[in-house]
2 protein chains.
Amino acid sequence: MTARVTTGTPPEAAATAPEGGATGKDAILLAARRAFTQRPYAEVTIRGIAADAGVSASLVVKHFGRKEQLFNTVADFGPAAEELFDAPLGGLGRHMVLTLVRRRREQKGDPFLRVVFSLGNQDERSLLRTRFHEQVTARLTARLPGRERALRAELIAGHLIGLGATLSLHREGAGSHATPEHLADLYAPAIQRLVAG
Amino acid sequence: MTARVTTGTPPEAAATAPEGGATGKDAILLAARRAFTQRPYAEVTIRGIAADAGVSASLVVKHFGRKEQLFNTVADFGPAAEELFDAPLGGLGRHMVLTLVRRRREQKGDPFLRVVFSLGNQDERSLLRTRFHEQVTARLTARLPGRERALRAELIAGHLIGLGATLSLHREGAGSHATPEHLADLYAPAIQRLVAG
């Protein structure tokens, strides 16, 4: 699929995305995540997402289809979970923290944080929670050894969501100046302890 | 202040709140937290909060004043931080987890979780973030011994926000069946390690 990025993407950004359109698509995904996590489903429009991403509405539809399809794409925690869980158990805690921090710094967005915006809502965003249970918690539970695997998976998810939350919350804080490795030194042992059981 | 709870509070609930009105006030606070964290400030109304709490709008105003004052009350993390941080450093991690879980189970709400709803928003809710920095992160930083206190305080805040998030996210999950003590056994060592530095 070749992207025709109409606005909002400077030529040098396009040049660093030789496969074509990755930058425009990323901008649309970021805008869609923002929209679907911050507003009730019924209030979200393709036009609004396009404006936020700096592209045309027709480009959004071309890449992701209509609103329902775009929502399904945004509510998919699978690829992020695959990336975060892709390490041997002995180093999984550290891998998770490094991956989460690096993804954020590379502007790929936080892997799991958007699920918290669905808390306390009765609208369609609760689909986010169901997806999270299936794609993150259940999958992690299946990978863990030992006892109380579901409980440990829930708590590991909590540590990961909390890391993303506090980095967003203290955007100019001490965490923003720390290297991913240093953050892993401080934060990953807790997760590794729950991984090992 | 004696509350005249007009609706929504069964007599037996009132009977368990001998100081008068705690139950009605708690219901209003819960409804106000929900409203201010889920909607832009401009869209929140006293009438809507009252309806959600099952009380009259005049009762809301009687207890908490008009919208601005109610917002200031809801955006106050001070009392919760005081409760969570009220332990010697050697047992602070465990105290924090026990207090957070017990507060939630006693329907007093999560102490910090609502701050995440302010993330990514440019509206008045960002006041929530500023309050959090002052009342939670800075205060915790001041209590910690050793080096990198601000960074450790941010990460401790992350652990606590994450615990509330995952308990809300897995409302019927394994965490909901675990005792506060057991959750502390699994989750508090991470926090204590950052407290000790």
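In the predicted model, helix H11 of chain A is followed by Gly197(A), a residue with a positive phi near 80°. The helix itself spans residues 180-196 and bends by about 50° at Tyr187(A), with a proline, Pro189(A), following within four residues. Tyr187(A) is also one of the buried residues of H11(A), a set that further includes Pro180(A), Leu183(A), Ala184(A), Leu186(A), Ala188(A), Ala190(A), Ile191(A), Leu194(A) and Val195(A). The cover over these buried residues comes from both chains: it includes helices H7 (92-105), H9 (149-169) and H10 (174-177) of chain A, as well as helices H9 (149-169) and H11 (180-196) of chain B.

Helix H7 of chain A also holds Thr99(A). This threonine has a relative accessible area of 10% and is therefore buried, the cut-off being under 20%. When residues up to four places away in sequence are not counted, Thr99(A) touches Glu83(A) and Leu84(A).

Aromatic contacts were examined over all chains, and the search of the whole structure found six aromatic pairs. In one of them, the ring centres of Phe77(A) and Phe132(A) lie 5.3 Å apart and the planes meet at 85°, so the pair is edge-to-face. Phe77(A) is placed in the loop between helix H5 (67-74) and helix H6 (78-84) of chain A, whereas Phe132(A) belongs to helix H8 (residues 126-143) of chain A; the pair therefore ties together parts that are 55 residues apart in sequence. Both Phe77(A) and Phe132(A) are buried. Together with Phe112(A), Phe77(A) and Phe132(A) form one aromatic cluster.

Technical notes:
Residues are numbered from 1 along each chain as its sequence is written. Chains are lettered from A and ligands numbered from 1 in the order in which they are written. This is a predicted model: local features need pLDDT of at least 70, side-chain atom pairs count only at pLDDT 80 or more; totals for chains, interfaces and linings use all residues. Side-chain values use heavy atoms; hydrogens and water are left out. Rings of Phe, Tyr and Trp (its six-membered ring) pair if their centres lie within 6.5 Å; planes under 30 degrees apart count as stacked, over 60 as edge-to-face and the rest as tilted. Helices (H or I, at least four residues) and strands (E, at least two) are DSSP runs, numbered from the N terminus. Buried means under 20% relative accessible area, exposed over 50%, partly exposed in between (1.4 Å probe, protein chains only). The bend at a residue is the angle between axes fitted to the seven residues ending there and the seven starting there. Contact means heavy atoms within 4.5 Å.
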